[in-house]
Amino acid sequence: MTKGPLTVALVGNPNAGKSALFNALTGARQKIANYPGVTVERKAGRMLLANGAPAELLDLPGSYSLDPTSPDEAVTRDVVLGHQEGQRQPDALIVVLDANNLEQHLVFAQEIIALGRPTVVALNMIDLAARDGLVLDAKALEEALGVPVIETVAVRRRGLPDIAAAIGNVVEHHPDHAPLPAHVDMVERRVSARAMAKGAIISETSHRRLHRGLDKLLLHPWAGPPILFALLFVVFQAVFAWATPFADALDAGVGALSEAAVTYLPAGLLRDALTEGVLAGVGSVVVFLPQIVILFFFILVMEATGYMARAAFLMDRLMAGVGLSGRSFIPLLSSFACAIPGIMATRSISDPKDRLTTILIAPMMTCSARLPVYAVIIAAFIPATKVGPGIGLQGLILFALYVAGIVGAMVVALVLRRSVAKGQASGFIMELPRYQWPRAKDIAIGLWQRAWIFLRRAGTIIFTVTVVLWLLLSFPQARPGESQVDASFAGKIANGLAVVVEPIGFNRDMALALIPAMAAREVAVSSLATTYAVAAEDEDEAAEALGVQLARDWTLPMALSFLAWFVFAPQCLSTIAVARRETNGWKWPAFMLAYLFGLAYLAAGATFWIATAAGL
Amino acid sequence: MEQDSVSNLADQPLGTAVRVVSVDWDRLESGEARRLHALGIDRGAVLKLAHRGIFAGRDPLAVEIGRMTVALRREHALAIAVEDAGEETVHPAQDFGSAK
């Protein structure tokens, strides 16, 4: 039949458990990229068929039908039909059904089966159905659908070998010219879905008691929002408190490496480049890995449990107030981790004006790359005192910075929806998935992918930028009695920029940090570390923690102004690149850069002058 | 069906099963109409209003359809005309007694 490994695709409604099944079938061997020309994520992995042959497994975006209402759904349709550019039509399809929601999921399943491609149905989450008192007859369903139906529980690996065997079977025994079933429309499919679901349900007892109880509490008009905000507050406190021991350990590790380099390497440019450039720079960013992992942990758990959709429900009214919908809440919340997946997640917003507004304000959500900057400055200038039981002043300031970004974003959204992105307020239609206990393995895979992306950035962009910065800082070499930073190329560039940022309280070192931070915000920290390491009079001073050096050189208003700058400044080339790709042109990214830099300048200036006037 | 028993989905009390009599598709934006359709909210579907949102207007609404919960706005619900589903005709997903 087909030459080379087979291509198999998972299709199904959103929340059918496709991704869990994908993880179970492929393990951690996954490749995540984009489909060419669109920004829909292509998730591919390798699975083994029953005869030991490998097959490429695609996890297609969840869809309700082959009549797409979003770019995601359009990709699913095109791949399944073989119209997606650069993607071979899958040799077989696995339709994933949520056993708890057959009546709904069978509608799309019939549409897929009617295509006449080799198809296997995975009756997924059969364990949760059993928990909810639902007993199903897979054989009856198989007869009704006319394709193999296999009961699966992705998390317990139940049914996985049967899936692999069934795929091999349907591909091998698929007639080349299968007679296509008569065309039926959506209404007819829905009627037969109802009948099939009824025929497959042997018995049904308690009805989602847990689900209802949780929704009653979490969607309660008065209890729901405080619970959401309490949860978000806990997340931000945890990011600071839980990460400390791990960050300290990483910091000590970097310090030990640096000392070892000083001990064992001959003094000279290479050793300086290693200690002052690479270790000071990359090391100062890598120590924030624990905080980023903790933040992503909470976001992944909220997604996996189904709470994220409830958060969207609770936030919809508020978002509607600024002309957006609850749907924008999820991309914006993801932007707290990183604006790049956040901006990419806007694909699920069907209204173009809504989507544009969300893209434009996403960079204002405090992403994890700002955390290193905030963390260093807060630790250096804000005392670690308690302002209440369990509430530290440092955590409170951090929370305030997050709030500043959110409030700024809301105000900007309001303005944009009345000016450049004017249009009718869009609606909000969204399935609220069943609550689920998060699966440790899925969370672990997600965390590993995010941590790896962060470390790869540290190893590539941040590494390169710090080395270049170190070179610019170290040459030309200062004459005796002259400061090295003053004499260097970097110092001269920064002197030029310093004129511009002086009115908002920035000194030359801060101006210097802004330039390389365009590559990625967290580089501001590594550049400050490199700058102070190069400027240090002796080894002892160079080894001082960055915070100590900052506290000596900067005043509190300067530090606050620097923080305010980073709330708004669009200092991330990757975000700008993604915005360009998502909006198909330079117009909107340019607009984004201009308005965010303007806001950052105003906010930093106002902060500096108010703080100075207040005598801080 | 008697006209006087027909009202719109937005005004239903929480937890009462209602049947969709008609949907005024022209009131809905086409993408939203297709999405509602895809979710099975169409003539004949049995729905139950489960939650109302916060703040003024009690927007959005959470609607149970079969074993699924769907969030939608009040403006969508206003376009959906419903009648009391009555006990004997309740869909199996809502009524366990009648399931075979």
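A:Asn100 lies in the loop between β5 (92–98) and α3 of chain A, where helices (H or I, at least four residues) and strands (E, at least two) are DSSP runs numbered from the N terminus. This is a predicted model, in which local features need pLDDT of at least 70 and side-chain atom pairs count only at pLDDT 80 or more, while totals for chains, interfaces and linings use all residues. Residues are numbered from 1 along each chain as its sequence is written, chains are lettered from A and ligands numbered from 1 in the order in which they are written, and side-chain values use heavy atoms, with hydrogens and water left out.

**The surroundings of A:Asn100**

With a relative accessible area of 1%, A:Asn100 is buried; buried means under 20% relative accessible area, exposed over 50%, and partly exposed in between (1.4 Å probe, protein chains only). The side chain of A:Asn100 is joined to that of A:Asp98 by a polar contact of 2.8 Å, and it also reaches the backbone nitrogen of A:Ala129 at 3.2 Å. A polar contact is a pair of N or O atoms within 3.5 Å; within protein, one must be able to donate a hydrogen and the other to accept it, and residues adjacent in sequence count only if both atoms are side-chain atoms. Leaving aside residues up to four places away in sequence, A:Asn100 touches residues of both chains, among them A:Met125, A:Asp132, A:Arg434 and B:Arg67, a contact being heavy atoms within 4.5 Å.

A:Met125 itself lies in the loop between β6 (119–124) and α4 (126–131) of chain A, and it counts as buried at 2% relative accessibility. Phi of A:Met125 is near 55 degrees, a positive value in a residue other than glycine. Most residues other than glycine have a negative phi. A positive phi, near 65 degrees, is also found at A:Asn15, which is placed in the loop between β1 (6–12) and α1 (18–26) of chain A and counts as partly exposed at 33% relative accessibility.

**The interface of chain A and chain B**

The contact takes 48 residues from chain A and 41 residues from chain B. The area buried between the two chains is about 4000 Å², of which carbon and sulfur atoms give 54%; buried area is the accessible area (1.4 Å probe) that two parts lose on being put together, summed over both. Nine residue pairs are in polar contact between chain A and chain B, both residues being at pLDDT 80 or more. On the side of chain A that touches chain B, the elements that give two or more residues include α3 (102–113), α7 (186–200) and α13 (307–321), and the largest share, six residues, comes from α13(A). As for α3(A), twelve of its twelve residues are buried. Three salt bridges are found across this interface, a salt bridge being a side-chain nitrogen of Lys or Arg within 4 Å of a carboxyl oxygen of Asp or Glu.

Chain B has two helices and six strands, which run β-β-α-β-β-β-α-β from the N terminus on. Of the 100 residues in chain B, 59% are buried.

**Salt bridges**

Over all chains the structure holds 20 salt bridges, and the table gives some of them.

| Pair | Closest N to O |
|---|---|
| B:Arg35 and A:Glu73 | 3.4 Å |
| A:Glu56 and A:Arg42 | 3.5 Å |
| A:Arg189 and A:Glu111 | 3.9 Å |
| A:Arg417 and A:Asp354 | 3.4 Å |

A:Arg417 lies in helix α18 of chain A and A:Asp354 in helix α16 (residues 352–361), so this pair ties together parts that are 63 residues apart in sequence. A:Arg417 counts as buried at 5% relative accessibility, and A:Asp354 counts as buried at 1%. In the pair of A:Glu56 and A:Arg42, A:Glu56 is partly exposed at 26% relative accessibility, whereas A:Arg42 is buried, with a relative accessible area of 17%. A:Lys18, A:Lys43 and A:Asp59 are linked in a network of salt bridges.
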